[in-house]
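Biologist: I should like to learn how the terms applied to a protein model are justified. Could we take them one at a time, setting each value against its definition?

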Amino acid sequence: MAKLSNPQETIQVLQKHDFQFKKKFGQNFLIDSHVIEKIMEAAEIKKDDFVLEIGPGIGTMTQYLCEHAGQVLAVEIDSSLLPILQETLTPYDNVIVRQGDILKQDIHAIAREYNGGKPIKVVANLPYYITTPIIMGLFESHAPLANVTVMVQKEVAERMQAKPGTKEYGALSLAVQYYAKPYLAANVPPNCFMPRPTVGSAVIRLDCLERTPVEVEDERLMFRLIRASFNQRRKTLQNGIANSPELSFTKGDVAAALTNLGISETIRGEKLGLPEFAALSNELGRKAYHL
């Protein structure tokens with residue numbers, strides 16, 4: 001069968017099955033072989049790898065994954081795509097298609113069943129509206145992951161690798177960098193998709209860290225502090241945390257903790273990196289003020 005990265009092939013398959021794009025699933029299918037090759041390269045897919053693909057669509061990238069990897073499990077939420085995948089992936093005997101929501105899959109069980117519990121590689125062309133929940137869900141599951149290579153909105157990719165003090169820097173930057181080292185592999189223009197999205201995209205590889213870069217006593221508290229400090233970006237860290245419905249610290253509590261850490265009381269959250277947020281979380285957590 002001809003490759004689906006050829007736009008004519010994609011159109012033919014969609015027409016044959018009378019497929020209608022569904023807005024609720026944020027469907028934008030890749031139609032550029034160069035971009036797919038860049039994804040394969042970035043993910044460093046090898047013949048002995050097991051790959052979990054999220055959202056295979058009609059199987060465009062899945063075809064390449066099957067040729068590069070040992071085994072592929074493709075999880076697709078849209079049941080109307082299953083007959084198409086059955087057809088487009090017929091030539092490959094190393095792929096399993098599972099219908100379901102990736103947010104409800106047990107990634108630990110997948111790693112155990114298909115890869116002997118060893119770290120797996122994840123590849124995805126993610127719907128932009130659900131990028132963050134999917135990526136954070138993977139990381140927070142603490143399942144064995146080697147790397148996660150995803151197509152995301154360009155702006156989101158920039159936020160994932162942003163440094164303190166930049167305008168792109170925020171809660172997502174800190175969350176991703178707590179679990180992984182981000183590497184921007186390629187920028188992808190809208191004409192590489194069908195239908196065309198209204199924004200530019202980027203391929204980003206997240207190399208999962210064997211151990212977190214900071215020691216924190218209460219991860220949940222640290223991330224609550226991070227969210228609170230960026231929810232009201234223009235306010236000082238003290239005000240952001242004191243105003244958060246998720247936390248019960250007063251401005252005085254935060255001021256005392258900052259002083260103990262040698263950090264200015266008037267600082268904004270966007271100036272702090274992971275080490276400072278971890279230290280602040282440990283300092284406040286020890287006083288048992290949080291809910």
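Modeller: Let us begin with a pair of residues: Thr149 stands opposite Arg205 in β9. The model is a predicted one, in which local features need pLDDT of at least 70 and side-chain atom pairs count only at pLDDT 80 or more, while totals for chains, interfaces and linings use all residues. Residues are numbered from 1 along each chain as its sequence is written, and side-chain values use heavy atoms, with hydrogens and water left out.

Biologist: What makes β6 and β9 paired strands?

Modeller: Strands are DSSP runs of E of at least two residues, and helices are runs of H or I of at least four, numbered from the N terminus. Two strands pair if DSSP finds at least two bridges between them. Seven bridges join β6 to β9, so the pair meets that requirement. The two strands run antiparallel.

Biologist: How many bridges support the pairing of β7 with β9, and in which sense do the strands run?

Modeller: Eight bridges link β7 (residues 180–188) to β9, in the antiparallel sense. Val188 stands opposite Ser201 in this arrangement. By contrast, β5 (residues 120–125) and β6 run parallel and are joined by six bridges; there, Val122 faces Val148 in β6.

Biologist: What is the order of the strands in the open sheet, and why are β4 and β7 called its edges?

Modeller: The seven strands follow the order β4-β3-β2-β5-β6-β9-β7, with mixed pairing. Both β4 (95–99) and β7 have a single partner strand, so one side of each is left without a neighbour in the sheet. From one strand to the next, the twist averages 20°.

Biologist: Why is β9 described as largely enclosed?

Modeller: A residue is buried under 20% relative accessible area, exposed over 50%, and partly exposed in between (1.4 Å probe, protein chains only). Seven of the eight residues of β9 are buried, so the rest of the structure largely encloses this strand.

Biologist: How do you know that Glu44 and His142 are partly exposed?

Modeller: Glu44 has a relative accessible area of 40%, and His142 has 48%. Both values fall between the two cut-offs, so both residues are partly exposed. Glu44 is in the loop between α2 (33–43) and β2 (50–54), and His142 is in the loop between α6 (131–140) and β6 (145–153).

Biologist: What makes the backbone of these two residues noteworthy?

Modeller: Most residues other than glycine have a negative phi, and most peptide bonds are trans. Yet Glu44 has a positive phi of about 50°, and His142 one of about 55°. The peptide bond from Met194 to Pro195 is cis, with omega near -10°.

Biologist: Why is Asp49 called buried, and how do you know that it makes a polar contact with Lys121?

Modeller: Asp49 has 14% relative accessibility, which lies under the cut-off, so it counts as buried. A polar contact is a pair of N or O atoms within 3.5 Å; within protein, one must be able to donate a hydrogen and the other to accept it, and residues adjacent in sequence count only if both atoms are side-chain atoms. The side chains of Asp49 and Lys121 make such a contact at 2.9 Å. In addition, a polar atom of the Asp49 side chain lies 2.7 Å from the backbone nitrogen of Lys46.

Biologist: Why is α8 called roughly antiparallel to α9?

Modeller: Two packed helices are described by the angle between their axes and the distance between the axes. Axes are lines fitted to C-alpha atoms, for helices over the stretch in contact, and angles run from 0 to 180 degrees between N-to-C directions. Angles under 35 degrees count as roughly parallel, over 145 as roughly antiparallel, 65 to 115 as roughly perpendicular and the rest as oblique. The axes of α8 (residues 171–179) and α9 (residues 219–231) come within 9 Å and cross at roughly 155°. That makes the two helices roughly antiparallel.

Biologist: Which residues make the contact between α8 and α9?

Modeller: Contact means heavy atoms within 4.5 Å. Among the residues involved are Leu174 and Tyr178 of α8 and Phe223 and Ile226 of α9. The residues of this contact divide into nine nonpolar, no polar and one charged. In that scheme Ala, Val, Leu, Ile, Met, Phe, Trp, Tyr, Cys and Pro count as nonpolar, Asp, Glu, Lys and Arg as charged, and the others, Gly among them, as polar.
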